[in-house]
Amino acid sequence: MGEKKKTPGLEENFARLEELIGKLEEEDISLEEAFQTYSEGMAVLKRCNVQIDRVEKQVLKLGEEGQLEEFEDGSEGI
Amino acid sequence: MFAQDYLLRSLYIKGEVSNCKYHSSGHIYFTLKDAKGTINCVMFAGSRKGLSFRMSEGQQVIVGGTVDVYERDGKYQLYAREIFLDGNGQLYEEYERLKRELREQGMFAQEYKQPIPRYIRTLGVVTAETGAAVRDVIRIANRRNPYVQVILYPAIVQGDAAAASIVKGIRALEALGVDVMIVGRGGGSIEDLWAFNDREVARVVFACKVPVISAVGHETDTTIIDYVADLRASTPSAAAELAVTDVREILGEVAAYQDTLEQFMERVIERKREQMRHLELGLKAVSPAGRLRERKMMVITAEERIRERMNRVLQAKRHELAIYIEKMKGLSPLEKLNQGYSYVEDGDGNNIRSVEQVKVGQSIGIRVKDGQIQATVEKKKSLR
């Protein structure tokens, strides 16, 4: 898949959340650790919400020179 | 008779398609004609895999099948098993050869298939800039998740330049780093779809680091890249469905994670509180105040016990004393007098216990219960 190491995707974040929840489930977790786990979870959630960045995207067209331009759908009336 | 004829059971007839009807049952009825004559043909729904294009009027085809009599009409007809476009015989062979070759190279192997990520942010599309395919993909992607960035590489999808254009498009989108790409086009004749049977296109799709969903033509069309792609969609619309997870589903998942996280945190805190209460109780038990109280209690109980013991001893002694008093009473000389005995003494107050102690004529005192008697000894007599 991705050749470069980028910020974790939603899938990785979900996996991390699973991990954190698992940690919170442990019987002998210390309160400090629990707080740390919880706040990390909250941060991950925030990242998830940012990742689903809720801005409607214009369709882009990749040009010959590798430039991106807005795609105008020639055929009207979808 | 027909059915026993070996030749009629497996033959190929060349001709032009006319009166072609796709019946809703899936069967296809058509007539095959050439300069000299016609024959009615039927391809049953169950044999449809023998047809890889959409038949239309006027096409030159080769039909392979069985000739038999249709008893109701008393006419013989051709039951088609496979149909090829004539002139495409060569194309078809080429397709089969390439398919075999790539399969042998392992390019269709399941182990090379990359999973399609469930959450994508950018979707690349390699297809024609105009036409139903691109519109279908955009419409469905937008409907499912308008926040996904669709990036189109406007490719030439048919004709001589198509294969090179598609290769370029896949490479360009791969270099751009989209999360998933859809490569395809709408339906068409076998020639129209030919670029998707190209060796180079297949190689690029196979090597592409971005997961590729192929989406060529209609459901019945299968091209080489369908075998090579990480996932095959029957149509461009279906490809968009497969590529883009509904955003509501994702948001729901995020919300669920949040809920779970909060719930578990609360549970941890509740557990800690419980532990604290427990420890508090334990601590109270060992605190100095607690100890002091405990000591006091011990002193009090000890005192009570001592007192009780003491009382018991006193009582016992008192009881004993009473018994003694009773006994003493029994022994008192006055008591004896009470019982009818009397006490005799001489003039000096000595108790007279023997006849030897008195002389005749001596005065003696006799004590009885209620007084004293003064008497004189008149006579004495020894019992021995």
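In strand S5 of chain B, B:Leu78 is the residue that B:Cys41 stands opposite. This is a predicted model, so take everything I say as a description of that prediction. The strands behind that pair are S3(B) and S5(B), residues 75-85, and they pair in the parallel sense over two bridges.

On its other pairing, S3(B), residues 38-43, runs antiparallel to S2(B), residues 28-33, and six bridges join them. Two of the positions can be named. B:Thr31 has B:Asn40 in S3(B) as its bridge partner, and B:Leu32 stands opposite B:Ile39. The connection from S2(B) to S3(B) is a hairpin, through four residues.

Now the wider picture in chain B. Which strands close into the barrel, and in what order? There are five, in the order S1-S2-S3-S5-S4, and the pairing is mixed. You have just heard one antiparallel pair, S2(B) with S3(B), and one parallel pair, S3(B) with S5(B). From one strand to the next, the twist averages 50 degrees.

Next, the interface. On the chain A side, 42 residues are in contact with 43 residues of chain B. The size of an interface is often given as the accessible area lost when the parts come together. Here chain A and chain B bury about 4200 Å² between them, and 68% of that is on carbon and sulfur atoms.

As for polar features, the rule finds two salt bridges across the interface of chain A and chain B. One of them is between A:Glu27 and B:Arg271, with the closest N and O atoms 4.0 Å apart. Residue pairs in polar contact across the interface, both at pLDDT 80 or more, come to eleven.

Which elements of chain A supply at least two residues each to the side that touches chain B? They are helix H1 (10-25), helix H2 (31-51) and strand S1 (60-62). H2(A) gives the largest share, ten residues. By residue class, the side of chain A that touches chain B divides into 22 nonpolar, six polar and 14 charged.

Last, strand pairing between the chains. S1(A) runs parallel to strand S7 of chain B, residues 149-154, and two bridges join them. Within this pairing, A:Lys61 stands opposite B:Leu152 in S7(B). S1(A) therefore comes up twice in this talk: among the elements supplying at least two residues to the side of chain A that touches chain B, and as a strand paired with S7(B), where DSSP finds at least two bridges.

Notes. Residues are numbered from 1 along each chain as its sequence is written. Chains are lettered from A and ligands numbered from 1 in the order in which they are written. This is a predicted model: local features need pLDDT of at least 70, side-chain atom pairs count only at pLDDT 80 or more; totals for chains, interfaces and linings use all residues. Side-chain values use heavy atoms; hydrogens and water are left out. Contact means heavy atoms within 4.5 Å. Buried area is the accessible area (1.4 Å probe) that two parts lose on being put together, summed over both. A salt bridge is a side-chain nitrogen of Lys or Arg within 4 Å of a carboxyl oxygen of Asp or Glu. A polar contact is a pair of N or O atoms within 3.5 Å; within protein, one must be able to donate a hydrogen and the other to accept it, and residues adjacent in sequence count only if both atoms are side-chain atoms. Ala, Val, Leu, Ile, Met, Phe, Trp, Tyr, Cys and Pro count as nonpolar, Asp, Glu, Lys and Arg as charged, and the others, Gly among them, as polar. Axes are lines fitted to C-alpha atoms, for helices over the stretch in contact, and angles run from 0 to 180 degrees between N-to-C directions.
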